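Please open the model in a viewer and keep the selection panel at hand. The tour moves from a pair of helices to an enclosed space.

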Amino acid sequence: MASKLDALNRWVDEIARLTQPDRIHWCDGSEAEYQALVELMLDTGDLTELNPATHPNCYLHRSNPSDVARVEHLTFVCSANAEDAGPNNHWMAPEEAHRKIDALFAGCMKGRTLYVIPYCMGPIDSPLARCGVEITDSPYVVANMRIMTRMGEAALARIEREGSFVKGLHSIGDLDPAKRFIMHFPEELTIKSIGSGYGGNALLGKKCHALRIASWQARQEGWLAEHMLILGLESPQGETHYVAAAFPSACGKTNLAMLIPPAAYPGWKVWTIGDDICWMQPGPDGRLWAINPEAGFFGVAPGTSRNTNPNALAMLDRDAIFTNVAETADQQPWWEGLPDGKPARDWQGRDYDPANGPAAHPNSRFTVSARQCASWSPRAEDPQGVPISAIIFGGRRESLVPLVFEARDWKHGVLVGAAMGSETTAAATGAVGVLRRDSMAMKPFCGYNFADYFAHWLSFDRPSAKLPKVFHVNWFRKADGKFVWPGFGDNMRVLEWIVGRCNGSVGAVETPIGNLPRREDLNLAGLPLGDAQLDLLLGVDREGWVREYAGIAEYLDSFGARTPVELKEEHARVRDELAAPAAAPRAAVG
């Protein structure tokens, strides 16, 4: 009788004929295999062992200086119809894409080992989880995939049971930027990536599978694959609300996911389910239930410190892989933001010289198991996931956007998410600090036309649905060049108000852009914020928002005829309210 693994075996044979490796290794995910890979990379220089006394089982990887971030301009969605990819993606016809990239794969693994990595995105027994197989010639990728996914024999067994998987082919090639492509074939559930060893380009279970391919699958199957953290907020009474939040990369997702409540919140706990990706599906009760498809953290190192994210820092003293950080004289990892130590060698391995720029690359990373986080929740392994009470959108906005506001309803919430804007960061190549629209923080990751994506979000608003409330936050408001809101642990004060809005225990005031907290609705005890600062954080500049909504209209129009009429009507409603004479403040209901 034919095995359901026959298709996998045929594919591996086909790729081996194309790439011509010296040998093939099927990964089992064992500790012995991991240690053998580490020894191999230490021998080749791909890894450097860090100080075993201070950082046992920790290693440093330095990537090629031309290969340090996602390359959005070389990332393609290769759907059969260009309109299905949409203006938010670079498109290439599937036949042309296969031909172009397969020519680069031809013979690229000569002298190398072809690794076959079966993996599961999500708890191994979860009906929400999906499996994939990545073929790669990079032992660094194998080691990181072991941390970031449920990789090995259990995943292979699930693939054999189900007979389906996402196919990912990766090679570092010769690391020539002119021969670098990341191709996605959603109708074929296939990813092909060559010429990069950097995380998001090479760990194909991450952005490529868990967002670009999964978002396409999710639309076909009636769920959501989102660039969101998931956290649980437990009150002193033991009631826990789960929140999903979308921010662009390097805008504080990991910090918020691992938040430690400040002294003003005795008895409160924050539980970490995930810091980057969230898959949500309607449950029998009408609520959205979510899993984190990842098993580890691939976090940005610079700025991670005892002040900003003590939980993250505490988990990085053992069993971690660092990429493109600096090194102290005694082989400890170092990056900008750490108060102790000083760099001796920069991220390129050179003697540190400030004239060469930052010691650690601004997008340097750590890879570590989620279980090492002190706030990690066992519910992260719950096959049914966790129920989501609130969805939060946010980005870097130095002006205009208040600290927090609540969408009027689901339709308005979809508009708020679609209209999100943020200043670009070092997580992607290109200019830093430029304002761009980044709908639901999915601009680099949505595997299909944003107009269809907005329509998919709107489709969840059904009579039987018990959808999460939707909010928008902005930790980055500035005055006189300085941040007004303290952020970090004090973001708990905003989360408390959000949960209070979900359970009806706290008030708000209606404005055209949404419901905002009054000063008395927030716990501000111990914060050195004056009246002028609170007015800035909690005020609505109607003229500024009129201009903002004009920009949002242009943005929605850029997606053409597929843009949902419902979304344009919601935009017109808010625009007209902003243009009307200001009414007296009114308490929000619900």
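**Two helices and a cavity**

Begin by selecting α11 and α15, which are roughly perpendicular to each other, because angles of 65 to 115 degrees count as such. This is a predicted model, and in it the two helices pack at an angle of about 85°, with their axes 11 Å apart. To find them along the chain, select 410-418 for α11 and 542-557 for α15.

Next, show the side chains where the helices meet. On α11, display H412, L415 and A418; on α15, display Y549, I552, Y555 and L556. Colouring this contact by residue class gives six nonpolar residues, one polar and no charged.

Now turn to the interior. How many cavities of 30 Å³ or more does the structure hold? There is one, and its volume is about 140 Å³.

To centre the view on this cavity, select F405, V416, A419, H472 and W545, the residues that lie nearest its centre among the 15 that line it. Both helices of the opening view return here: α11 and α15 are the elements that give two or more residues to the lining. Which of them gives the most? That element is α15, with four residues.

Finally, colour the whole lining by residue class. Ten of its residues are nonpolar, two are polar and three are charged. The charged class is thus represented in the cavity lining, while the contact of α11 with α15 has no charged residue.

How values were computed. Residues numbered from 1 in each chain as written. Predicted model: local features only at pLDDT ≥ 70, side-chain atom pairs only at ≥ 80, totals over all residues. Heavy atoms only, no water. 1 Å grid on protein atoms, 1.4 Å probe; cavity = no way out; pocket = protein on both sides within 12 Å on 5 of 7 lines; lining within 4 Å. Points joined across faces, edges and corners; volume = space filled by probe spheres on them. Nonpolar A, V, L, I, M, F, W, Y, C, P; charged D, E, K, R; others polar. Axes fitted to C-alpha atoms, helices over the stretch in contact; angles between N-to-C directions. Parallel < 35°, antiparallel > 145°, perpendicular 65-115°, else oblique. Contact = heavy atoms within 4.5 Å.
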